[in-house]
Amino acid sequence: IIPWGEIIINNKKFGITPFEKPVILNPGKYVLNISNPNFGNYIDTILIQSGETLFYKLNLNSITNWHNN
């Protein structure tokens, strides 16, 4: 996440990027909230398949659909 973001998945805080270790999730559907006070909240839905590795890359400077809460 560029420049950085607080990661919240299904309302559980995982910390601020960059992470030293990957976030491990069980297969399923998740609501991903990336928060940065300089930008707002970016919300996405992600689907993790069994055996899948998802690399989520995002440049907050290029986002236009912010959810400011």
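Residues count as buried under 20% relative accessible area, as exposed over 50%, and as partly exposed in between (1.4 Å probe, protein chains only). By that scale asparagine 11 is exposed, at 80% relative accessibility, and asparagine 10 is partly exposed, with a relative accessible area of 41%.

The model is predicted, with local features needing pLDDT of at least 70 and side-chain atom pairs counting only at pLDDT 80 or more, while totals for chains, interfaces and linings use all residues. Numbering runs from 1 along each chain as its sequence is written, and side-chain values use heavy atoms, with hydrogens and water left out.

**Backbone features**

Strands are DSSP runs (E, at least two residues), numbered from the N terminus. Four residues carry backbone features, listed below with their places.

| Residue | Feature | Place |
|---|---|---|
| Proline 3 | cis peptide bond from isoleucine 2, omega near 0° | segment before E1 |
| Asparagine 10 | positive phi, near 50° | loop between E1 and E2 |
| Asparagine 11 | positive phi, near 70° | loop between E1 and E2 |
| Proline 18 | cis peptide bond from threonine 17, omega near 5° | loop between strand E2 (12-16) and E3 |

Neither asparagine is glycine, and the positive phi is noted for asparagine 10 and for asparagine 11 on that account.

**Nonpolar core**

A nonpolar core is a set of buried Ala, Val, Leu, Ile, Met, Phe, Trp, Tyr and Cys residues joined through side-chain atoms within 4.5 Å. The largest one holds 11 residues: Ile7, Ile9, Tyr30, Leu32, Ile34, Tyr42, Ile46, Ile48, Leu58, Leu60 and Ile63. E1, E3 and E4 are the elements that give two or more residues to this core.

Leucine 32 has contacts (heavy atoms within 4.5 Å) with Ile7, Ile8, Ile9, Tyr42, Ile43, Asp44, Ile46 and Tyr56, leaving aside residues up to four places away in sequence.

**Largest pocket**

A pocket is an open set of points on a 1 Å grid over the protein atoms alone, where a 1.4 Å probe fits, with protein on both sides within 12 Å along at least five of seven lines; lining residues have an atom within 4 Å of a point. Volume is the space filled by probe spheres set on the points, which are joined across faces, edges and corners.

The largest pocket has a volume of about 620 Å³. It is lined by 21 residues, and Pro22, Val23, Leu54, Phe55 and Tyr56 are the closest to its centre. Strand E1 (6-9), strand E3 (28-36) and strand E4 (40-48) each give two or more residues to the lining.The lining divides into 16 nonpolar, 2 polar and 3 charged residues, where Ala, Val, Leu, Ile, Met, Phe, Trp, Tyr, Cys and Pro count as nonpolar, Asp, Glu, Lys and Arg as charged, and the others, Gly among them, as polar.

Conventions
Helix = DSSP H or I, 4+ residues; strand = E, 2+ residues; numbered from the N terminus.
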